[in-house]
Amino acid sequence: MKRYADPIAAIQLAAGDEFAIELAGNPTTGYTWQVHADSQHLELLGQEFEPGGESVGAGGQEVVRFRVVAAGETEIACEYRRPWDKEVRDTRRFRVAVSG
């Protein structure tokens, strides 16, 4: 499964493709990535944390997996925040272009 970490370049896919975005994070701080995607174009398959090391409290990557369900253009909006807090520490926006 192809992974994307750069929000600057548009992600080019075809209907039916599966892909993932990677977001640096550290859930031991209470912060996690809250991901919002257009369900008309993308199906969320899952989200998991991959530690970057074996030490307690080590950061790593949050990996969010999707399947493309329809052609068109859409965006994945990501906010790095504590679920109970309105303060957003960081944001990322991934543009997705899907060919039919």
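# Close-up views of the predicted model

**View A. Ala 37 and Ile 76 where strands E4 and E7 pair.** Ile 76 is the bridge partner of Ala 37 in E7. The model shown here and in the other views is predicted. The two strands concerned, E4 (residues 32-37) and E7 (residues 72-81), run antiparallel to each other and are linked over 6 bridges. Ile 76 also appears among the residues touched by Phe 19, the subject of View E.

**View B. The hairpin of strands E7 and E8.** E7 is joined to E8 by a hairpin, with 6 residues making the connection. The pairing of E7 with strand E8 (residues 88-99) is antiparallel and extends over 10 bridges. Within this pair, Arg 95 in E8 is the residue that Glu 75 stands opposite. Strands of a sheet are paired through hydrogen bonds of the backbone, in either a parallel or an antiparallel arrangement.

**View C. The sheet E2-E8-E7-E4 and its edges.** Four strands make up this open sheet, in the order E2-E8-E7-E4, and their pairing is mixed. Strand E2 (11-14) and E4 each have a single partner strand, so each is an edge strand with one side left without a neighbour in the sheet. From one strand to the next, the twist averages 25°. The parallel part of the mixed pairing is seen between E2 and E8, which pair over 4 bridges. Ala 14 has Ser 99 as its bridge partner in E8. The antiparallel part includes the pairing of E7 with E8 and that of E4 with E7.

**View D. The sheet E1-E3-E6-E5 and its edges.** A further open sheet of 4 strands has the order E1-E3-E6-E5, again with mixed pairing. Strand E1 (2-4) and strand E5 (42-51) form the edges, and each of them pairs on one side only. On average, neighbouring strands of this sheet are turned by 25° against each other, with direction ignored. E1 and E3 pair in the parallel sense, over 3 bridges. One bridge partner to look for in E3 is Ala 20, which belongs to Arg 3.

**View E. The stacked rings of Phe 19 and Phe 66.** The whole structure contains 4 aromatic pairs. In one of them, Phe 19 and Phe 66, the ring centres are 5.4 Å apart and the planes meet at 25°, so the pair counts as stacked; the limit for stacking is planes under 30 degrees apart. Phe 19 belongs to strand E3 (residues 18-25) and Phe 66 to strand E6 (residues 60-68), so the pair ties together parts that lie 47 residues apart in sequence. Relative accessibility is 0% for Phe 19, which therefore counts as buried. Phe 66 is at 1% relative accessibility and so counts as buried too. Tyr 4 joins Phe 19 and Phe 66 in one aromatic cluster.

**View F. The surroundings of Phe 19.** With residues up to four places away in sequence set aside, the contacts of Phe 19 include Met 1, Lys 2 and Tyr 4 from the start of the chain, as well as Ile 11 and Leu 13. Leu 42 is touched by Phe 19 as well. Other contacts of Phe 19 are Val 64, Arg 65, Phe 66 and Val 68, and with them Ile 76 and Val 96. By contrast, the C-alpha atoms of Phe 19 and Val 56 are separated by 29 Å, with the two positions 37 residues apart along the chain.

**View G. Arg 89 over the ring of Tyr 31.** Arg 89 lies over the face of Tyr 31, and its distance from the ring centre is 4.9 Å.

**View H. The whole chain, for orientation.** The protein chain has 8 strands and 0 helices. Its radius of gyration is 14 Å, close to the 13 Å given by the globule rule for 100 residues, so the chain is as compact as a globular protein of that length. Along the principal axes, the C-alpha atoms fill a box of roughly 45 × 30 × 20 Å. Buried residues make up 33% of the 100 residues of the chain. Of the contacts between residues at least 6 apart in sequence, 63% join residues at least 24 apart.

How values were computed: Residues are numbered from 1 along each chain as its sequence is written. This is a predicted model: local features need pLDDT of at least 70, side-chain atom pairs count only at pLDDT 80 or more; totals for chains, interfaces and linings use all residues. Side-chain values use heavy atoms; hydrogens and water are left out. Rings of Phe, Tyr and Trp (its six-membered ring) pair if their centres lie within 6.5 Å; planes under 30 degrees apart count as stacked, over 60 as edge-to-face and the rest as tilted. Buried means under 20% relative accessible area, exposed over 50%, partly exposed in between (1.4 Å probe, protein chains only). A charge sits over a ring if NZ of Lys or CZ of Arg is within 6 Å of the ring centre and within 35 degrees of the ring normal. Two strands pair if DSSP finds at least two bridges between them. Contact means heavy atoms within 4.5 Å. Axes are lines fitted to C-alpha atoms, for helices over the stretch in contact, and angles run from 0 to 180 degrees between N-to-C directions. The radius of gyration is taken over C-alpha atoms; the globule rule is 2.2 Å times the number of residues to the power 0.38.
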